[in-house]
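Here is a short report on selected features of a predicted model. Have the sequence and the 3D view open as you read.

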Amino acid sequence: MLRFGIVGTNFISDWFAEAVTIRSDATVAAVYSRTAESGEEFAHRHGIPMATTRYEALLDAVDAVYIASPIIAHHPQALAALAAGRHVLVEKTMAGSAAQIAEIQDAAAASGLIAMEAVRSLYTPAFAAIRAGVDRLGTIRQASFSKQQYSSRYDAFRTGEVLRAFDPALENSALADIGVYALQPALDLFGLHPDTATGSSVRLSNGFEAAGTLTLGYPDAVVDVTWSKITQGVAPSVVLGEDAALIIDDLAETGTVTLRPRRGDPETLFAQTPPTAGATMTGEVDAFLAQVSSGVPDARRVELTLVARQLMDAHLTRC
């Protein structure tokens with residue numbers, strides 16, 4: 001049984017703990033937090049036997065680490081875990097730059113370990129339905145992928161209080177935090193290496209990148225990727241082919257996927273009620289454990305992680 005250690009005690013860590021708890025081949029053995037109180041509360045809530053404020057102690061107690069700390073901490077924490085011989089599953093975005101991601105991936109490869117980015121939406125039944133639907137559209141000509149989610153922490157920013165979610169010093173951005181849910185599916189479905197990538201972003205008064213659009217140009221298609229932490233989106237994501245359109249209500253928390261042919265009636269390809277907490281994490285846990293078991297990383301996902309961050313770096317530098 002693989003023993004996970006969790007770094008961080010926010011809601012995404014709750015979801016991860018719930019996803020692992022239902023398994024027979026993995027368990028959460030320890031949690032690391034900056035404060036003893038939050039770590040102990042988290043451990044009690046999920047029945048985790050160990051809570052610690054010492055990262056080294058966590059590493060000594062586990063086989064793999066799930067890193068859900070602020071992005072600025074991902075790189076040093078992942079490298080420390082790999083140096084200790086531990087596999088790493090790192091919340092999106094894996095690190096604050098492509099150079100840092102490459103260093104993590106190289107360290108994992110050199111040690112025969114797995115370093116995987118946790119973009120949970122790519123490992124769900126909903127995304128499998130999206131992929132199958134795209135294959136039925138004929139020649140793809142246009143797509144619009146969006147994830148625009150008004151952050152609950154933005155209200156504080158508007159009154160003058162800058163919380164961690166809007167602090168650029170933590171290497172965070174709306175593109176890295178929210179845009180990844182639109183960018184990575186676009187690259188995965190339409191090609192990892194677009195011919196062109198142009199766009200712009202909105203920055204707040206403290207320099208935080210808060211919303212933007214990136215247009216990916218392919219030989220036969222144009223794909224718009226839009227994200228925001230300061231507005232709430234109301235339009236679905238769509239893929240337009242010559243024979244049909246695919247409509248996705250939400251790329252991250254997908255409820256419905258609908259195929260609409262040019263002629264004929266719409267067809268529902270996927271439909272579900274909102275998933276329970278942790279349900280959207282099970283696929284990525286499956287994928288991670290499969291790679292750990294085989295000792296072979298998913299080469300396409302490794303490349304996707306790096307290419308997406310390269311595009312992010314280029315966009316954030318331009319804008």
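## A51 in strand β3

A51 counts as partly exposed, because its relative accessibility is 33% and that class lies between under 20% for buried and over 50% for exposed. The residue sits in strand β3. Leaving out residues up to four places away in sequence, A51 touches V31, G39, E40 and A43.

A51 can also be placed relative to A81. The two are 30 residues apart in sequence. In space, their C-alpha atoms are 17 Å apart.

## Helix α2: two sides

Helix α2 covers residues 36-46. G39, F42, A43 and H46 are buried there. Viewed down the axis of α2, the buried residues fall within an arc of 100°, so they line one face of the helix. E37, E40 and H44 are exposed on the other side of α2.

What do the buried residues of α2 pack against? Their partners are β1 (2-7), α1 (11-21), β2 (26-32) and β3 (51-52). Two of the α2 residues that A51 touches, G39 and A43, are buried. A third, E40, is exposed. Just after α2 comes G47, with a positive phi of about 65°.

## The nonpolar cores

In soluble globular proteins, nonpolar side chains tend to be buried together. In this model, the largest nonpolar core has 74 residues. F4, L187, F190 and L216 touch the most other members. Helix α8 (residues 174-190) gives the most to this core, with 11 residues. A second core, separate from this one, has 23 residues. Among its members are A29, Y55, V62 and A81.

F4 has a long contact list, with neighbours within four places in sequence left aside. It covers F16, V20, A26, T27, V28, A29, A30, V62, A64, Y66, F288 and L289. Two of these contacts, A29 and V62, are members of the second core.

## E209: a buried acid

E209 is in strand β9, which spans residues 209-217. Is its side chain paired in a salt bridge or left without one? E209 is buried and has no salt bridge. R203 is the nearest side chain of opposite charge, at 6.4 Å. That is too far, because a salt bridge has to fall within 4 Å.

A polar atom of the E209 side chain does lie 2.9 Å from the backbone nitrogen of L175. Beyond four places in sequence, E209 touches S173, A174, L175, S201, V202, R203, W227 and L316. R203 is thus in the contact list, yet forms no salt bridge with E209.

Methods: Residues numbered from 1 in each chain as written. Predicted model: local features only at pLDDT ≥ 70, side-chain atom pairs only at ≥ 80, totals over all residues. Heavy atoms only, no water. Helix = DSSP H or I, 4+ residues; strand = E, 2+ residues; numbered from the N terminus. Buried < 20%, exposed > 50% of the residue type's maximum accessible area, 1.4 Å probe, protein only. Lys, Arg positive; Asp, Glu negative; His and termini not counted. Polar contact = N/O pair within 3.5 Å; in protein donor to acceptor, adjacent residues only side chain to side chain. Contact = heavy atoms within 4.5 Å. Arc of directions from axis to C-beta. Core = buried A, V, L, I, M, F, W, Y, C linked by side-chain atoms within 4.5 Å.
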